[in-house]
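Work through the exercises below with the sequence and the model on screen. Try each task before reading its solution.

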Amino acid sequence: MRAASETLVDEADPSKGSLSIRCGIHSGAIVGTLIGQLRPKYTLLGGALRCAALHCAALRCAATHSAAVAHAATAPAQTP
């Protein structure tokens, strides 16, 4: 996030500002597929992707949000 905030969108015109990133993280089933014949495009589809997009849309710039289920899935294993 810090590197993005320090990276100018256009070095020739600093008035355009710097990059800003928002990130929503969720876990669940998704499907990846190629859509189109003339200009194929790889697309991801699924409920988990929609949830992540909703998390991202609710954020302010330069922030991340992780759903509890995604956080639990990526947390290191607890050892007794």
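A residue is called buried under 20% relative accessible area, exposed over 50%, and partly exposed in between (1.4 Å probe, protein chains only). Helices (H or I, at least four residues) and strands (E, at least two) are DSSP runs, numbered from the N terminus. This is a predicted model, in which local features need pLDDT of at least 70 and side-chain atom pairs count only at pLDDT 80 or more, while totals for chains, interfaces and linings use all residues. Residues are numbered from 1 along each chain as its sequence is written, and side-chain values use heavy atoms, with hydrogens and water left out.

**Exercise 1. The two sides of a helix**

Task: Find the buried residues of α2 and state how they are arranged around the helix axis.

Solution.
Step 1. The buried residues of α2 are A48, A52 and C56.
Step 2. Looking down the axis of α2, these buried residues fall within an arc of 80 degrees, so they line one face of the helix. The arc is that of the directions from the helix axis to the C-beta atoms.
Step 3. The general rule is that an α-helix has 3.6 residues a turn, so residues three or four places apart point the same way.
Step 4. On the face turned away from the buried side, α2 carries the exposed residues R50, L54 and A57.
Step 5. The cover over the buried residues of α2 includes β1.
Step 6. Two further residues of the helix can be classed. C51 is found in α2, which spans residues 47-57, and with a relative accessible area of 27% C51 is partly exposed. G47 also lies in α2 and is partly exposed at 39% relative accessibility.

**Exercise 2. A hairpin**

Task: In which sense do β2 and β3 pair, and over how many bridges?

Solution.
Step 1. Two strands pair if DSSP finds at least two bridges between them.
Step 2. β2 and β3 pair in the antiparallel sense, over five bridges. One bridge joins I35 to K41 in β3.
Step 3. The hairpin of β2 and β3 has five residues between the strands, and G36 takes a positive phi near 105 degrees there.
Step 4. T43 is placed in β3, residues 41-45. Its relative accessibility is 18%, so T43 counts as buried.
Step 5. Contact means heavy atoms within 4.5 Å. Leaving aside neighbours within four places in sequence, T43 is in contact with V31, G32, T33 and I35.

**Exercise 3. Sequence distance and space**

Task: What is the C-alpha separation of A4 and L19, and what is that of C61 and Q37?

Solution.
Step 1. A4 lies in helix α1, residues 2-5. A4 is buried, since its relative accessible area is 10%.
Step 2. A4 and L19 are 15 residues apart along the chain, and their C-alpha atoms are separated by 5.2 Å. Not counting residues up to four places away in sequence, A4 touches S18, L19 and I21.
Step 3. C61 is found in the loop between α2 and β4 (63-66), and counts as partly exposed at 48% relative accessibility.
Step 4. C61 and Q37 are 24 residues apart in sequence and 36 Å apart in space, C-alpha to C-alpha. G47 and C61 are 14 residues apart in sequence, with 24 Å between their C-alpha atoms.
Step 5. Neighbours within four places aside, C61 is in contact with S20, I21 and R22.

**Exercise 4. Charges and a nonpolar patch**

Task: How many salt bridges does a search of the whole structure find, and which residues make the nonpolar surface patch?

Solution.
Step 1. A salt bridge is a side-chain nitrogen of Lys or Arg within 4 Å of a carboxyl oxygen of Asp or Glu. Side chains of opposite charge can pair when their charged atoms come close.
Step 2. The search finds one salt bridge. The side chains of K16 and D10 meet in a salt bridge at 3.3 Å, N to O. D10 is partly exposed at 24% relative accessibility.
Step 3. Patches are made of residues with over 30% relative accessible area and no salt bridge; like charges are joined within 9 Å, nonpolar side chains (Val, Leu, Ile, Met, Phe, Trp, Tyr) within 5 Å. Accessible areas come from the Shrake-Rupley method with a 1.4 Å probe; for residues, only the protein chains shown count as cover.
Step 4. I30, L34, Y42, L44 and L49 make a nonpolar surface patch of about 490 Å².
Step 5. Of these residues, I30 lies in the loop between β1 (22-25) and β2 (31-35). I30 is partly exposed, with a relative accessible area of 42%.
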